[in-house]
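Trainee: I have just opened this one for the first time and could use a guide. Can we go through it together?

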Amino acid sequence: MHNTTPLDRRSALGAMTLLGTGALFASDAMADGQPEASVSRIALGWDATTGAYTLPPLPYAYDALEPFLDERTMYIHHDKHHAGYVRGLNAALAALADARTTGDSSLIQHWTKKVSFHGSGHVNHTLFWLGMAPAGDGGGGEPTGPLAEAIIRDFGSFEAFSWQFQAAAKSVEGSGWGWLAFEPIAQQLIVLQGENQQKLMMTGVVPLLGIDVWEHAYYLKYQNRRADYVAAFMHVINWGHVGQVFDRIGR
Ligand code: MN3
């Protein structure tokens, strides 16, 4: 349901600027006109009539991921934190539009960095929500099909992937993300760390699955125990969704 509306070339190119280097899609995948993004325009809440992003609702109830992710954290995370990135992105884009009108370049650097930060925050959180589902009802377990085969090919086994993914997420310095991503040039899966919302991503990669390891993602329930939160996250990964994204962009 989240990937039925394609990004056209123009909006895809617009979205690409959010992560600066094309992290949203494989660059050579536009040749046949087919969209190749991790998330759809609808999932990202893009409103072409207003030229602004909106915050789509959480794709499940706030308590749907209990007991692994608690209801209060999910509510605050989505309705407050994620909403803030959407507001920040729209504000930065509007400020840049004003700058083009006035010709005042004094704050171009400031607002351009804000686009990267808040734009990445919006995309990252959208992927984060879509990458989870209630444990035992779409969440947890292991991937199947082509994604499972690619994980075995590129990491050796699912267990080896899971170990590296969790180790990367646990050891992010400060606030950031752990990512499973597709590197479209060598055509392989890789695990990356992200710092803040936008730093350390590798140019051109397409993020498939991300775990938010900012303290706001886990502190109410897990306090300083990030490792416990990361382990809990593995129980709610929506491998069906991640596999669908991989089917579109990874093969
Ligand atoms: Mn967050």
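Mentor: Gladly, and let us begin with His78, keeping in mind that this is a predicted model. His78 is buried, because its relative accessible area is 4%, and buried here means under 20%.

Trainee: Where does His78 lie?

Mentor: His78 lies in helix α2, and its side chain is joined to that of Asp79 by a polar contact of 2.7 Å.

Trainee: And which residues is His78 in contact with, leaving aside its neighbours within four places in sequence?

Mentor: With those neighbours set aside, His78 is in contact with Leu55, Pro56, Pro57, Leu58, Tyr62, Ala83 and Trp129.

Trainee: Let's turn to the metal, then; what are the protein donors of the manganese ion?

Mentor: The manganese ion has His77 (NE2), His125 (NE2), Asp212 (OD) and His216 (NE2) as its protein donors, at 1.9 to 2.2 Å from the ion. Along the chain, the donors follow the spacing H-x47-H-x86-D-x3-H. Since His77 lies in helix α2 (residues 71-102) while Asp212 lies in strand β5 (residues 206-212), the pair ties together parts that are 135 residues apart in sequence.

Trainee: Are His77 and Asp212 buried or exposed, and which word fits both?

Mentor: Both are buried, His77 as well as Asp212.

Trainee: New topic: which residues are buried in helix α7?

Mentor: In α7, which covers residues 226-233, the buried residues are Arg226, Tyr229, Val230, Ala232 and Phe233. Looking down the axis of α7, you would see these buried residues fall within an arc of 160°, so they line one face of the helix.

Trainee: What do the buried residues of α7 pack against?

Mentor: They pack against α3 (108-130), α5 (158-170), β5 and α6 (219-222), and β5 is the strand in which the manganese donor Asp212 lies.

Trainee: Last thing, how many salt bridges does a search of the whole structure find?

Mentor: The search finds 2 salt bridges. In one of them Asp154 pairs with Arg153, with the closest N and O atoms 2.8 Å apart, and in the other the side chains of Arg225 and Asp228 meet at 3.1 Å, N to O.

Trainee: How exposed is Arg153, and how exposed is Asp154?

Mentor: Arg153 counts as exposed because its relative accessible area is 51%, and exposed means over 50%, whereas Asp154, at 22%, is partly exposed. For the pair of Arg225 and Asp228, Arg225 is partly exposed at 36%, and Asp228 is partly exposed at 39%.

Definitions and conventions:
Residues are numbered from 1 along each chain as its sequence is written. This is a predicted model: local features need pLDDT of at least 70, side-chain atom pairs count only at pLDDT 80 or more; totals for chains, interfaces and linings use all residues. Side-chain values use heavy atoms; hydrogens and water are left out. Donors are N, O and S atoms within 2.8 Å of the metal (3.2 Å for Na, K and Ca); water is not among the atoms, so sites may look incomplete. Helices (H or I, at least four residues) and strands (E, at least two) are DSSP runs, numbered from the N terminus. Buried means under 20% relative accessible area, exposed over 50%, partly exposed in between (1.4 Å probe, protein chains only). A polar contact is a pair of N or O atoms within 3.5 Å; within protein, one must be able to donate a hydrogen and the other to accept it, and residues adjacent in sequence count only if both atoms are side-chain atoms. Contact means heavy atoms within 4.5 Å. The arc is that of the directions from the helix axis to the C-beta atoms. A salt bridge is a side-chain nitrogen of Lys or Arg within 4 Å of a carboxyl oxygen of Asp or Glu.
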